[in-house]
Amino acid sequence: MTALQIIPFSPPRIDQKIIDAVTETLKSGWITTGPKTKVFEKMLTAYGGHQSTLCLNSASAGLELILRWLGVGPGDEVIVPAYTYAATANVVIHCGARPIFVDSGEDLNIDIRSVRKAITTRTKVIMPVDIAGLPCDYDALNALIREAEILKIFSPSSEPQSQLGRILLLSDAAHSLGGWYKGNRVGSLADVTVYSFHAVKNLTTAEGGAVCLNLPLPFNNEDVYMHLNAKSLHGQNKDALAKFQVGNWRYDIIEAGYKCNMTDIQAAMGIVELERYDDDMLPARQQIFTHYTSLFEGKKWAQLPEYESSDRRSSYHVFALRIHNITEMQRDDIIQAIFGSGVSVNVHFVPLPMMSFYKEQGWDMAQFPVAYDNYSREISLPVYYDLNADLVERVARTVINAVEEILDRK
Ligand SMILES: *Cc1c(COP(=O)(O)O)cnc(C)c1O
């Protein structure tokens, strides 16, 4: 018997082009934040259609820098979905503020009516997450934060909050680089949008993230960029590249900042990946989504994810299959059977109110019935550049066998 090839969940695309770009950077004499990072930032700004981009070592750092720039702290509230990765809420805790969880909709994204109900005089930020790569309803979110009743109760407690005069819309776009909503690309749909380039994301720099600035007047997005850039480098008013210029050694510390800059080694990977993202990566992922959809379409038990409509288009990040009428335990049994046949799957996500830390903060999953229902019936299937049609068919066959075996046991 030949050994079964295990199908991984989401390996990075590391080909000769990436290896060459990294090698060239290593040999160039400049490996930390420098010319490559600045090029990557310019490319991302043109790509997303927003005003300015700051690259960092993670999306988490980007979300936290923005909260700190806005002066979010003790006594403040930030509305986040219950159904997301821990980073979204943990950064709020880091700042001493309180994440307020809200329920999801059928499309897995934050439910707008629940967001409205959660708004108080303490709300400073709404942080929607484009789950699986599908953009949230940004027209509804942008309209909500500008409603007269909601503007009236907004109580600023910092200079940027007063300048904005309303709740900030901060999009966690860790999944959705390249997604579209009503003719605009993710990056320009909210006041600030944060991408992740973590190893499992669509575009990876091993670790990395970017803050896309799209703030309205009176903000100058270039000034905010300079401020955040210093904040990401210990509050130093010159970065390493600027200091490297002959005779330009003296610098000042304007605040006790953090250390979360991107290196040029990471940016070198990002440049290669972004150059081929629209013509190569996204079509490959779209093909996989379409193929899975055709293979599951005839199955009555299969609830297929939304990824394209007239209003919005996914970045095809996670193929979130749900199974109708099963319990959380049956889902876990199905996953076990799939793994037993050599296919790696995942669950996006275990909702945060189910996690020990957030339970101890008083959250109860019973308050989020839709998020629980979505989570308890969800299985994320492998999607990655090198997953060819034969492998997609093997995954689908494996999933179908596992589901039908467990359903037959009833
Ligand atoms: C991956 C992820 C993040 C964090 O990204 P990092 O770059 O690892 O900090 C944040 N939010 C969501 C929804 C994610 O999936």
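A residue counts as buried when its relative accessible area is under 20%, as exposed when the value is over 50%, and as partly exposed in between. By that standard Y316, with a relative accessible area of 2%, is buried, and 57% of the 410 residues of the chain fall in the buried class as well. The model described here is a predicted one, and its chain contains 16 helices and 13 strands. The radius of gyration is 22 Å, close to the 22 Å that the globule rule gives for 410 residues, so the chain is as compact as a globular protein of that length.

**Overall dimensions and contacts**

- Taken along the principal axes, the box filled by the C-alpha atoms of the chain is roughly 70 × 55 × 40 Å.
- The chain exposes about 17400 Å², and carbon and sulfur atoms supply 54% of that area.
- Among the contacts in the chain with a separation of 6 or more, 72% are accounted for by residues that lie 24 or more positions apart.

**Nonpolar cores**

- In soluble globular proteins, nonpolar side chains tend to be buried together.
- The largest nonpolar core in this model has 123 residues, and those with the most contacts inside it are F40, L67, L170, Y292, F296 and L381.
- Helix α16, which spans residues 389-408, gives the most to this core, with 10 residues.
- At least three residues of this core come from each of domain 1 (16-275) and domain 2 (277-408).
- When its neighbours within four places in sequence are left aside, F40 is in contact with C55, F197, L203, T205, M262, A267, G270, I271 and L274.
- Another core, made up of six residues and including I18, A21, V22 and V272, lies apart from the largest one.

**Backbone: cis peptide bonds**

- The peptide bond that runs from L217 to P218 is cis, with omega near 10 degrees, and P218 belongs to the loop between β9 (209-213) and α9 (221-231).
- A cis peptide bond also joins H348 and F349, where omega is about -5 degrees, and F349 is placed in the loop between α13 (328-340) and α14 (356-360).

**Backbone: positive phi outside glycine**

- Y316 is a residue other than glycine with a positive phi, near 55 degrees, and it is found in the loop between β11 (312-313) and β12 (319-323).
- N325, which is not a glycine either, has a positive phi of about 55 degrees, and its place is in the loop between β12 and α13.
- The surroundings of these two residues can be set side by side: Y316 is buried, with a relative accessible area of 2%, whereas N325 is exposed, with a relative accessible area of 66%.

**Salt bridges**

- A search of the whole structure finds 22 salt bridges, among them the pair E24 and K36, whose closest N and O atoms are 3.3 Å apart.
- Because E24 lies in helix α1 (residues 16-28) and K36 in helix α2 (residues 35-48), this pair ties together parts that are 12 residues apart in sequence.
- With a relative accessible area of 45%, E24 is partly exposed.
- R68 and E64 meet through their side chains in a salt bridge with an N to O distance of 3.0 Å, and, because they are four residues apart in helix α3 (residues 59-69), about one helical turn separates them.
- Within that pair, R68 is partly exposed, with a relative accessible area of 27%, while E64 counts as buried at 15% relative accessibility.
- D111 forms a salt bridge with R113, the closest N and O atoms being 3.5 Å apart; here D111 counts as buried at 15% relative accessibility, whereas R113 counts as exposed at 61%.
- Elsewhere in the chain, R13, D15, E273, R276 and D280 are joined into one network by salt bridges that share partners.

Key:
Residues are numbered from 1 along each chain as its sequence is written. This is a predicted model: local features need pLDDT of at least 70, side-chain atom pairs count only at pLDDT 80 or more; totals for chains, interfaces and linings use all residues. Side-chain values use heavy atoms; hydrogens and water are left out. A nonpolar core is a set of buried Ala, Val, Leu, Ile, Met, Phe, Trp, Tyr and Cys residues joined through side-chain atoms within 4.5 Å. Buried means under 20% relative accessible area, exposed over 50%, partly exposed in between (1.4 Å probe, protein chains only). Helices (H or I, at least four residues) and strands (E, at least two) are DSSP runs, numbered from the N terminus. Domain bounds come from an automatic or database domain assignment. Contact means heavy atoms within 4.5 Å. The radius of gyration is taken over C-alpha atoms; the globule rule is 2.2 Å times the number of residues to the power 0.38. Accessible areas come from the Shrake-Rupley method with a 1.4 Å probe; for residues, only the protein chains shown count as cover. A salt bridge is a side-chain nitrogen of Lys or Arg within 4 Å of a carboxyl oxygen of Asp or Glu.
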